[in-house]
Amino acid sequence: MSNLPFIDLKAQYQALKPSIDARIQKVLDHGQYIMGPEVKELEDKLAAYVGVKHCITVSSGTEALLIALMALDLRPGDEVITTPFTFAATAEVIVLLGGVPVFVDIQSDTCNIDPQLIEAAITPKTKAIMPVSLYGQVCDMDEINAIATRHGNIPVIEDAAQSFGATYKGRKSCGLSTFGATSFFPSKPLGCYGDGGALFTDDDVLAQAAREIRVHGQSARYTHTRLGVGGRMDTLQCAVVLGKLERFDWEVEQRLIIGRRYQELLANLPVRRLAVREDRDCVWAQFTLHLENRTAVQQQLNAAGIPTAIHYPKPMHQQPAYAKYGQGLSFPNSERAAQQVMSLPMSPDLSVDQQDRVIAELAKALQA
């Protein structure tokens, strides 16, 4: 039997081929590959989708986080509270600017940052709080925002690289805090065909700063009013995302349906499912579960043609580049999750038969 795709981008392209091809051809025809008209068109549509005043497209999800911190004027020695259970980009951008990542452990059931631990981590040096909406589920943003407000309106940046399209109490991810930052990496819920990302905010001043920073700090051509980066999203990539937006609502609904079905099918198997809070919808950027015997199960699934992945096998405080920021500290939930999490195939085009095959092979592996 053939191998299943972990994320079926080919099926998605075939469904959207006429629109995506036409969008790309239009860019090739007008030739404005940098900051062409598709950039503003995409920004307007994404801002309306999220429900905020401003969307600033950028060259990657990492760059989105970096530009957000630069717009907030993060200085060397400033602290940013975040989670150790995330991709390196979250901590990386803090350290690149000379900041100090202050790690706070995750909730054991959602793998998102635990708001109850954030307050104790705040110091006079705290410049921002950066929760990560992991696996497609938004963090407890109201609690996090309330803590930030109590301590002098600390800015909150939602790292929403995996949660674009998710909702929290009826509101969209990326529109819940000072800044929302997402990624259009191809495997994300809304992806392009290369690198891309976006920032979202209702703050006019921060939006203007972000727009200038992404073009080398220019307020006008060859007028550099601040330190910046080359952080623009290519027009061609904006065209791809515009094409994909045409069925994005359907894709989000399919992710919800497939995620719920996975949860139901797993109910009688000896695995621990990721908890999804009742007041939010998870878009399942990855469908992730917890296994105590992960290595053996993963090997058997891979042999049966079922691809799997681990997001993430080692938390930030155990990574050589970031170990000094967690020296002498323990984050037991993050460390346990890193040893147990495993992601199954997930995409809007995953069929019922394919999903049944995944679960059947998982059940066999668990019995073995």
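## A walk from the sheet to helix H7

Start with the open sheet of four strands, ordered E1-E9-E8-E5 with mixed pairing. Keep in mind as you go that this is a predicted model. Color E1 (54-58) and E5 first: these two stand at the edges, each with a single partner strand, so one side of each has no neighbour in the sheet. Look along the sheet and you'll catch the twist: on average, neighbouring strands are turned by 20° against each other, direction ignored.

Next, select strand E8, residues 179-183. How many of its residues are buried? Five of its five, so E8 is mostly covered. Show the side chains too. In a regular strand, side chains alternate between the two faces of the sheet. Here, Phe 179, Ala 181 and Ser 183 point one way, Gly 180 and Thr 182 the other, and all are buried.

Stay on E8 and check who sits beside it. Add E5, residues 157-159: three bridges join E5 to E8, and the two run parallel. For a landmark, click Ile 157, whose bridge partner in E8 is Phe 179.

Now bring in E9, residues 197-201, which runs antiparallel to E8 and is joined to E8 by four bridges. Two spots to zoom in on: Thr 182 has Ala 198 in E9 as its bridge partner, and Gly 180 stands opposite Phe 200 in E9.

Time to leave the strands. Select helix H7, residues 204-213. Which strands does H7 lie across? E1, E8 and E9, and H7 runs at about 20° to E1.

With H7 still on screen, add helix H3, residues 61-71. The axes of H3 and H7 come within 9 Å and cross at roughly 120°, which makes H3 oblique to H7. The crossing is right-handed. Turn on side chains where the two helices touch: Ile 67, Met 70 and Ala 71 in H3 meet Leu 206, Ala 209, Ala 210 and Ile 213 in H7. What kinds of residues make up this contact? Seven nonpolar, no polar and no charged.

For the last stop, pick Glu 212, also in H7. Is Glu 212 buried or exposed? Its relative accessible area is 7%, so Glu 212 counts as buried, the cut-off being under 20%. To see what surrounds Glu 212, select Gly 217, Gln 218, Ser 219, Thr 225 and Arg 226: Glu 212 touches each of these, leaving aside residues up to four places away in sequence.

Terms used:
Residues are numbered from 1 along each chain as its sequence is written. This is a predicted model: local features need pLDDT of at least 70, side-chain atom pairs count only at pLDDT 80 or more; totals for chains, interfaces and linings use all residues. Side-chain values use heavy atoms; hydrogens and water are left out. Buried means under 20% relative accessible area, exposed over 50%, partly exposed in between (1.4 Å probe, protein chains only). Contact means heavy atoms within 4.5 Å. Axes are lines fitted to C-alpha atoms, for helices over the stretch in contact, and angles run from 0 to 180 degrees between N-to-C directions. Angles under 35 degrees count as roughly parallel, over 145 as roughly antiparallel, 65 to 115 as roughly perpendicular and the rest as oblique. A crossing is left-handed if the near helix is turned anticlockwise from the far one by less than a right angle, and right-handed if clockwise. Ala, Val, Leu, Ile, Met, Phe, Trp, Tyr, Cys and Pro count as nonpolar, Asp, Glu, Lys and Arg as charged, and the others, Gly among them, as polar. Two strands pair if DSSP finds at least two bridges between them.
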